Amino acid sequence: MPIVLYYAAGSCSLPALAGLEEAGADYAGVRLVLADGHQRRPEYLAVNPRGRIPTLEVDGVRITENVAVLTTIARLFPAARLLPFDDAVITGRAYELLAWFASGVHVSFAQVGRPERYTRDATAWPALGIGGRENMLAAYAELEARLGDGRTWLLGEAYSLADPYALVFHRWAERLEVATSDYPAFDAHAARVRARPAVARALALETSPRLLVEA
Ligand SMILES: N[C@@H](CCC(=O)N[C@@H](CS)C(=O)NCC(=O)O)C(=O)O
């Protein structure tokens with residue numbers, strides 16, 4: 001069953017990459033450089049007409065959107081226990097996080113970095129950015145409160161793909177000029193996630209030479 005993941009450095013494709021690595025999956029990674037506009041090239045728009053990453057291909061079937069991509073990876077490799085499916089309530093708690101990350105936190109960040117997604121009126125971009133930054137600070141505070149009870153991972157004792165997903169937002173703090181040291185439990189969680197060998201491999205793959213389009 002051929003598996004391909006289209007991903008990019010420093011982006012929200014990290015949990016998908018970390019999931020495939022954690023599962024020991026046999027897959028091909030295709031790296032895009034967003035700053036070079038690879039996601040808008042015709043050969044990638046043929047893969048994902050929205051021009052976004054991640055895109056997962058399983059047996060030639062393409063799946064986009066992080067929540068769907070991460071679910072697919074977790075279901076393909078049940079032994080890796082990448083998401084909890086045994087208990088309905090814990091599954092709900094996991095999806096609560098994934099959905100909030102994708103449709104809340106990520107959107108707040110994009111208001112700052114990609115305001116043109118929301119309006120072509122450039123005079124509104126600074127206000128969008130201010131609101132987005134405020135919402136990111138609220139998200140960091142919420143994650144800090146959750147992790148501040150001493151839990152190891154976002155869902156408690158069991159690691160899940162919500163953890164490397166949260167690392168995406170921890171990495172983006174620098175772009176927002178937010179000091180993560182203000183959020184010590186979130187900082188410590190990020191260090192634990194990075195210390196997982198699969199996550200370290202995923203981070204290394206972000207600079208791998210396998211490009212969709214050779215520059
Ligand atoms: N809702 C999508 C968002 C994906 C997304 O926006 N990815 C960003 C990278 S973090 C991207 O592809 N950006 C390229 C662009 O906007 O040109 C998901 O959760 O997968």
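**Close-up views of a predicted protein model**

**View 1. Strand 1 meets its parallel partner.** Strand 1 (residues 3-8) pairs with strand 2 in the parallel sense, and five bridges hold the count for this pair. (Strands are DSSP runs of E with at least two residues, helices are runs of H or I with at least four, and both are numbered from the N terminus; two strands pair if DSSP finds at least two bridges between them.) Two places are good for a closer look: Tyr-6 has Val-30 of strand 2 as its bridge partner, and Tyr-7 stands opposite Arg-31 in strand 2. This is a predicted model, in which local features need pLDDT of at least 70, side-chain atom pairs count only at pLDDT 80 or more, and totals for chains, interfaces and linings use all residues. To find your way, count residues from 1 along each chain as its sequence is written.

**View 2. The sheet as a whole.** Now bring in the other strands: four of them form an open sheet in the order 2-1-3-4, with mixed pairing. Strand 2 (28-32) and strand 4 (61-64) stand at the edges with a single partner strand each, so one side of each has no neighbour in the sheet. Strand 1 also pairs with strand 3 (residues 55-58), and here the two run antiparallel, joined by four bridges. In this pair, look for Leu-5, whose bridge partner in strand 3 is Leu-56. As a general reminder, strands of a sheet pair through backbone hydrogen bonds, either parallel or antiparallel.

**View 3. A strand, a helix and a strand.** Follow the chain from strand 1 through helix 1 (residues 14-22) to strand 2, and you have traced a right-handed β-α-β unit. (Right-handed means that, with the strands pointing away from the viewer, the path from the first strand over the helix to the second runs clockwise.) The whole protein chain has eight helices and four strands, in the pattern β-α-β-α-β-β-α-α-α-α-α-α along the sequence.

**View 4. The loops on either side of strand 3.** Pro-54 sits in the loop between helix 2 (42-45) and strand 3. Check the peptide bond that joins Ile-53 and Pro-54: this bond is cis, with omega about 5°. On the other side, Asp-59 belongs to the loop between strand 3 and strand 4. Asp-59 is not a glycine, yet its phi is positive, about 55°. With 7 C-beta neighbours inside 10 Å, Asp-59 counts as exposed. (Count the other C-beta atoms within 10 Å of a residue's own, all placed from the backbone: 20 or more is buried, 12 or fewer is exposed, and in between is partly exposed.)

**View 5. The buried side of helix 3.** In helix 3 (residues 66-76), you can pick out Asn-66, Val-69, Leu-70, Ile-73 and Ala-74 as buried. Around the axis they cover an arc of only 130°, which puts them on the same side of helix 3. (The arc is that of the directions from the helix axis to the C-beta atoms.) Helix 1, strand 3, strand 4 and helix 4 (88-113) are included in what covers these buried residues.

**View 6. Two faces of helix 8.** Helix 8 spans residues 197-205. Ala-198, Val-199, Ala-202 and Leu-203 are buried there. Seen down the axis, the buried residues of helix 8 fall within an arc of 140°, so they line one face. They pack against helix 1, helix 6 (162-172) and helix 7 (184-195). (Residues are in contact if their C-beta atoms, placed from the backbone, lie within 7 Å.) Turned away from the buried side is a face that carries the exposed residues Pro-197 and Ala-204.

**View 7. Arg-201 and Glu-22.** Stay with helix 8 and find Arg-201. With 14 C-beta neighbours inside 10 Å, Arg-201 counts as partly exposed. How far apart in space are Arg-201 and Glu-22, C-alpha to C-alpha? The two are 9.2 Å apart in space, although 179 residues apart in sequence. For the chain as a whole, among contacts between residues at least 6 apart in sequence, 62% join residues at least 24 apart.

**View 8. The loop around Glu-177.** Glu-177 lies in the loop between helix 6 and helix 7. Like the residue in View 4, Glu-177 is not a glycine but has a positive phi, about 55°. Is Glu-177 buried or exposed? With 7 C-beta neighbours inside 10 Å, Glu-177 counts as exposed. Across the protein chain, buried residues make up 35% of the 215 residues.

Notes. Contact = placed C-beta atoms within 7 Å.
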